[in-house]
Amino acid sequence: MSQPTFGAVVIGDEILSGRRTDQHIPAVIKRLNARGLRLDWACVIGDEPARITETLRRSMDANEVVFCFGGIGATPDDLTRECAAQAAGVPLERHPGALAEIEAQFGEQAWPHRVLMADLPAGAELIPNAYNRVPGFFIRQHFFMPGFPQMAHPMLDWVLAGPLAQWCRSDYVELTLMAFDVTESQLLDLMRETTSRWPQLKLFSLPIIKETGRQIELGLKGPREIAEPAFEQLEAALLVRGVN
């Protein structure tokens, strides 16, 4: 099976207003990279139901894997559960497993408000929440977690080790070097030659400007058996050009 496209959606006006700083996209990137994967796209959406629904509908129709954070609570601005159901074309239903977890955590105080968090898109499966037992859920390769990082990131780890474990790539490497006193324009032909010769790899170039001079972090990432010989040739080509 071909590797899926991975996306991340962060939902909440508090991110766009600056009252909170997003911590979820960096967490997804770090965890995917550690598994030889990469995040293909990410977006932040305010508490606007039409935009949330349309964003989720597009990614569901594209059969992408998407990590969604925020908006699954019980307050009036928590719209993600309903929007996810609309995007998937299914009704909201009270999930018995989610209800049992919420009642076990809060007892009588689960009613009448906290139980609303058990209303999930029909057919959704649960993501366990070790922090307070209020579960997230997933449907159509979209994984919905709370906006609180201390809850969401352990849940993200569970998702990657469980439903998405098949996509871990142990053969993946990222190899980098620092090239000094050179500009990207001076290396463009070498970059093009490398990507043409090794199309299975991703080449990256990150220029750095310091008071001591120009530097470029240059690297390749991809399957180890291809990346290592390609990287050796890249290093050799730089030495031939007199680049240290």
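**Close-up 1. Surroundings of the buried residues of helix 6 in the predicted model.** Helix 2 (24-34) is among the elements that cover these buried residues. The cover also includes four strands: strand 3 (65-69), strand 6 (125-127), strand 7 (136-139) and strand 8 (142-145). On helix 6 itself, the buried residues are Met 151, Ala 152, His 153, Met 155, Leu 156, Val 159 and Leu 160. Helix 6 runs over residues 149-161, 13 residues in total. From first C-alpha to last, helix 6 reaches 18 Å, close to the 18 Å expected at 1.5 Å a residue.

**Close-up 2. Packing of helix 7 against helix 8.** Helix 7 spans residues 184-197 and helix 8 spans residues 224-240. Their axes lie 11 Å apart, at an angle of about 155 degrees. That angle is over 145 degrees, so the two helices count as roughly antiparallel. Helix 7 passes helix 8 in a right-handed crossing. Helix 7 makes the contact through Leu 187, Leu 190, Thr 194 and Arg 197. Helix 8 contributes Gln 233, Leu 234, Ala 237 and Leu 238. By class, the contact residues are five nonpolar, two polar and one charged.

**Close-up 3. Phe 231 of helix 8 and its contacts.** Phe 231 has 9% relative accessibility and therefore counts as buried, the cut-off being under 20%. Neighbours within four places in sequence aside, Phe 231 is in contact with Leu 175, Thr 176, Leu 177 and Leu 220. Phe 231 and Thr 176 are 55 residues apart in sequence. In space, their C-alpha atoms are 8.3 Å apart.

Conventions:
Residues numbered from 1 in each chain as written. Predicted model: local features only at pLDDT ≥ 70, side-chain atom pairs only at ≥ 80, totals over all residues. Heavy atoms only, no water. Expected span 1.5 Å × (residues − 1). Buried < 20%, exposed > 50% of the residue type's maximum accessible area, 1.4 Å probe, protein only. Contact = heavy atoms within 4.5 Å. Axes fitted to C-alpha atoms, helices over the stretch in contact; angles between N-to-C directions. Parallel < 35°, antiparallel > 145°, perpendicular 65-115°, else oblique. Left-handed = near helix turned anticlockwise from the far one by under 90°. Nonpolar A, V, L, I, M, F, W, Y, C, P; charged D, E, K, R; others polar.
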